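Here is a walk through one structure, taken in short steps. Keep the sequence and the 3D view side by side as you read.

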Amino acid sequence: MLHSKTRDAMMFQIGLAIFLTIILLIILIPFWRVIVTAFIPLDIYTREGVPFFLSPTQWTFEAFRQLLGHSMFPRAIWNSVVITLLGTAISLFLTVPLAYGLSTRNLPGRKLIMTLILFTYLFSPGLIPVYLLITGMKLTNNYLAIILPPAVSVYNTLVMMSFFEGLPEELKDAARIDGANELQVLWHIILPLSKPILLTIGLFYAVFFWNEFFTPLLYLNDNNLMPLPVLLRNILISASFNEYVEYNAFSSASIESLKAAGVLITMIPMLLIYPWIQRYFTKGTLVGGVKE
Amino acid sequence: MKNWKMIFVVSLLVLSQILAACAPAATPTEAAPPEATQAPAEPTAVPTATTPPEPVDIVLWAQATVTEAGAPPEDWIAYQIIHDELNINLTYVIVPTGADGEAKINAVAAANDLPDLFQMVSANNDNRGALLRLVDLGLMAPVEDLMPLMPERTKLHYNDPLAIDLVSFYDHQYGLPEPPPIPKREGLVIRKDWLDKLGLSVPTTPEELFTVAQAFTTQDPDGNGKNDTYGYGGFLNGQGLGTRFDFIMGAYGVPGVWNFSGKGDFGLNVRNPQYKDALTYFKSLVDAKVIDPDWPTLTRDDFRARWKQGSFGIMWEDFAALTNKSNYEPFDTNFPDAEWIPVASPKGPNGDAYYGVYTGRGQIFGVSQKAVDEGKGEAIASLLEWMATDGYYLLGFGEEGKNFIIDANGNISTEGLDPVEAYTAPERQPFTQMRNQLVFYNSEQEIVARYPEYKTINGRTMQPMSFLGFFQEQAWVDGRGIQVILPPANAADFDRFYTEGLIQFVLGQKELTDETWAEYLAGLDSLGAAEYEAAAKQALTDAGLLK
């Protein structure tokens with residue numbers, strides 16, 4: 001009986017391992033193909049297409065050179081960095097007090113405020129009213145047009161609110177007894193305990209602003225303010241319409257290579273940030289915070 | 001102190017609420033214009049006042065010729081010249097292409113904030129429809145009064161009465177129809193080196209085309225010892241089987257979706273019994289596996305990669321996509337001894353040999369009513385006239401002697417110039433961004449400059465213009481009337497049924513018999529095909545495009 005159970009468990013483990021390996025391959029193979037496509041030389045691509053393996057001696061950085069070497073690339077990446085950092089900072093600055101306030105159960109009008117917030121979650125105002133608001137505030141051609149409208153995400157606020165609600169009330173009471181006001185409670189007690197949620201929500205915001213594409217197209221008319229996703233899109237459009245571009249200037253890498261390189265370039269910053277933040281996702285921060 | 005902090009926290013809360021309410025949807029959809037007025041606003045006459053003493057601010061929105069290059073810098077010499085010569089402060093904004101551009105225009109239209117002069121942008125290439133929607137909202141100004149103010153431009157750009165008709169609504173001309181990109185620029189080409197190797201002649205009938213395609217598929221025309229070639233290569237683009245196979249349908253007299261041959265015969269081409277014969281022939285090519293079997297799913301980029309890899313020997317291609325040095329070079333490197341030659345459309349059983357359908361869609365510009373109300377009409381006309389006269393070379397090629405020269409034959413050239421300064425250099429592209437939208441009008445000098453001859457690796461002279469000339473000489477159906485045909489309300493369902501049905505027949509997923517064909521036509525009728533045809537016929541008749 002015991003032997004049978006052990007064997008069943010082992011079979012389950014083997015089956016699970018096979019299943020997870022298949023899942024892993026399903027994820028890795030397309031990703032590997034993107035990498036190969038990004039580094040494939042034009043002559044091999046036009047002769048053979050994209051092979052599964054490419055000899056390391058054949059790899060070329062031409063697609064990256066074409067994208068990163070673009071005269072507007074430094075400006076575009078600077079714009080993206082500014083939008084991402086400023087947007088994340090403003091979003092956190094606004095989301096934290098909102099979430100904290102809402103996590104306070106005796107907040108006057110809490111239900112009404114929650115209803116109003118959820119209303120905006122369920123019913124989007126649409127493009128035109130937001131456009132009218134932005135132009136009315138004279139924010140066109142301004143980073144704030146990209147940053148302010150989505151600065152407070154209802155979803156992120158609710159997640160953060162739930163986290164704050166989970167913090168022991170005794171900690172806040174202790175601080176209040178010591179004479180701290182609500183702002184001091186938030187600053188000195190809550191925030192130091194909330195690194196995981198701050199980093200997690202901050203990452204959500206950062207990814208959102210880093211990938212933001214449509215609103216810059218809509219509100220920014222100045223080419224010098226365009227972020228990286230817009231530049232990459234413009235390069236790809238040019239490459240794919242090159243029969244109309246008469247001049248021999250834009251064809252040193254295949255369109256597929258440019259697309260793949262663009263994917264990798266935009267992924268890299270977020271790929272670098274994720275592992276660094278991952279430990280905060282699981283790390284407990286309240287150990288020892290409350291003594292029974 | 002405590003009160004101050006409380007006020008701060010409360011203020012933050014209130015501000016957060018307001019901002020949260022402003023958050024847009026994650027993926028904005030097409031902007032809905034505001035409530036349309038029942039009829040277009042009564043046009044305001046263009047003021048004919050004398051040049052105002054203060055410079056006129058004009059905002060121009062147009063798509064880029066080279067999207068990646070960006071707009072010209074603020075110190076662009078053209079801005080200064082326009083200011084000095086025309087008393088205009090020009091702001092040039094590059095508007096995005098496709099759905100993004102359409103959403104942007106819709107948003108500013110809803111805010112009654114349209115730019116003074118702008119290009120219509122449509123996600124589905126329906127620029128005329130985009131103009132009409134704005135006209136119906138009363139946001140566009142009629143432009144007849146501007147035409148006499150720009151005589152040279154009118155002569156060079158707005159000289160096609162049909163194009164003018166297509167941008168005229170409610171007895172007024174509202175659009176400025178720019179000349180379409182070089183018309184009839186696609187055509188049928190074949191690998192001459194493969195024909196020579198197999199001792200074959202250029203096919204002139206569908207049957208001969210079949211024979212050649214079969215030989216290209218089975219007789220190793222590239223001599224590499226592998227069974228890795230196909231006779232024909234293509235991909236789907238457009239409604240039904242798309243334009244890449246129109247020459248096949250043309251051999252049976254049924255190219256394209258519509259039959260434009262006359263009022264009595266007008267309707268969907270699938271009504272014509274010849275259409276089924278054309279499909280039967282097409283199916284025989286598919287069944288014999290002489291067409292690259294990936295054609296139903298191939299993208300344009302994949303298709304272009306494949307002919308450069310030597311995958312097939314017959315195809316339908318844009319002349320510039322085939323012959324421009326930048327496009328031809330990878331193929332030339334792989335196959336320096338290869339040679340593509342243009343081929344006339346095969347002549348079908350009834351003697352039909354249509355190459356395709358010429359739709360002649362061009363870019364449309366419009367002037368906002370707001371701009372005219374602000375007295376900018378005359379300045380806009382003078383700017384457009386300048387672009388067609390004194391500013392033509394500057395906007396199209398740059399500064400003469402620095403970015404281009406005009407050689408002894410009167411051709412545009414870059415010979416002897418600093419390569420970085422040449423108008424063809426990547427660095428110079430921001431300075432000629434308006435050229436394809438507002439400047440070029442397909443003059444011979446332009447086209448020769450845009451598509452110059454060059455030598456291939458083995459020393460053969462490549463002449464893109466000879467391909468273009470050949471394609472343009474073929475018999476094309478004049479389908480420009482398609483621009484007045486509005487899609488039916490159930491366009492998505494209709495198009496899906498129409499296209500998928502044809503593909504299923506050709507691929508053999510559905511047997512092609514008289515009964516199944518009748519069922520297919522009945523299916524189209526159940527989706528309102530007859531009403532669609534009647535509406536299209538009425539629109540064409542009203543526009544005087546159906547004789």
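Which residue follows H4(B), and what is the sign of its phi? Find the end of that helix in chain B. The residue is Gly138(B), and its phi is positive, near 75°. Bear in mind that this is a predicted model.

Now look at the helix itself. H4 of chain B runs over residues 127–136. Helix H4 of chain B is mostly covered, with seven of its 10 residues buried. The buried ones are Asn127(B), Arg128(B), Ala130(B), Leu131(B), Leu132(B), Leu134(B) and Val135(B). What lies over them? Helices are part of the cover of these buried residues, including H3 (98–110) and H6 (161–166) of chain B. Strands take part too, among them S4 (168–169), S6 (175–177) and S14 (364–367) of chain B.

Leu131(B) leads on to the next topic. This residue is among those with the most contacts inside the largest nonpolar core, which has 197 residues. The others named with the most contacts are Ile58(B), Tyr232(B), Ala278(B), Ile380(B), Leu383(B) and Met387(B). Which element gives the most to this core? Turn to chain A: helix H4 of that chain, residues 73–103, gives the most, with nine residues. Apart from this core lies another one, of six residues. Phe397(B), Phe404(B), Ala422(B) and Tyr423(B) are among its members. A general tendency fits here: in soluble globular proteins, nonpolar side chains tend to be buried together.

Take Ile58(B) as a close-up. Leave aside its neighbours within four places in sequence. Ile58(B) is then in contact with Ile88(B), Leu90(B), Asp116(B) and Leu117(B), and also with Lys376(B), Ala379(B), Ile380(B) and Leu383(B). Ile380(B) and Leu383(B) also appear among the core residues with the most contacts.

Step back to the whole of chain B. This chain has 22 helices and 19 strands. Its C-alpha atoms fill a box of roughly 85 × 65 × 65 Å, taken along the principal axes. With 547 residues, a compact globule would have a radius of gyration near 24 Å; chain B has 27 Å, which agrees. Buried residues make up 46% of the chain B residues. Of the contacts in chain B with a separation of 6 or more, 77% are between residues 24 or more positions apart.

Chain B is also divided into domains. The assignment gives domain 1 as 37–181 + 361–442, and domain 2 as 186–354 + 477–481. The C-alpha centres of these two domains of chain B lie 37 Å apart.

Chain A has its own pair. Domain 1 of chain A covers 2–60, and domain 2 covers 66–282. Their C-alpha centres lie 32 Å apart. The contact takes six residues from domain 1 of chain A and nine residues from domain 2 of chain A. On the domain 1 side, helix H1 (2–39) and helix H2 (42–48) of chain A each give two or more residues. H1(A) gives the most to that side, with three residues. The residues of that side divide into five nonpolar, one polar and no charged.

Finally, how far does the predictor trust its model? Chain B averages a pLDDT of 88, and 90% of the residues score at least 70. Over residues 14–49 of chain B, the pLDDT is below 50. Beyond near neighbours in sequence, that stretch still has 79 contacts in the model. Where pLDDT is low, the predicted coordinates should not be read in detail. For the complex, the predictor gives an ipTM of 0.73 and a pTM of 0.75.

Key: Residues are numbered from 1 along each chain as its sequence is written. Chains are lettered from A and ligands numbered from 1 in the order in which they are written. This is a predicted model: local features need pLDDT of at least 70, side-chain atom pairs count only at pLDDT 80 or more; totals for chains, interfaces and linings use all residues. Domain bounds come from an automatic or database domain assignment. A residue is buried if 20 or more other C-beta atoms lie within 10 Å of its own, exposed if 12 or fewer, and partly exposed in between; C-beta atoms are placed from the backbone. Helices (H or I, at least four residues) and strands (E, at least two) are DSSP runs, numbered from the N terminus. Two residues are in contact if their C-beta atoms, placed from the backbone, lie within 7 Å. A nonpolar core is a set of buried Ala, Val, Leu, Ile, Met, Phe, Trp, Tyr and Cys residues joined through C-beta atoms within 7 Å. Ala, Val, Leu, Ile, Met, Phe, Trp, Tyr, Cys and Pro count as nonpolar, Asp, Glu, Lys and Arg as charged, and the others, Gly among them, as polar. pLDDT is the predictor's confidence in each residue, from 0 to 100. The radius of gyration is taken over C-alpha atoms; the globule rule is 2.2 Å times the number of residues to the power 0.38.
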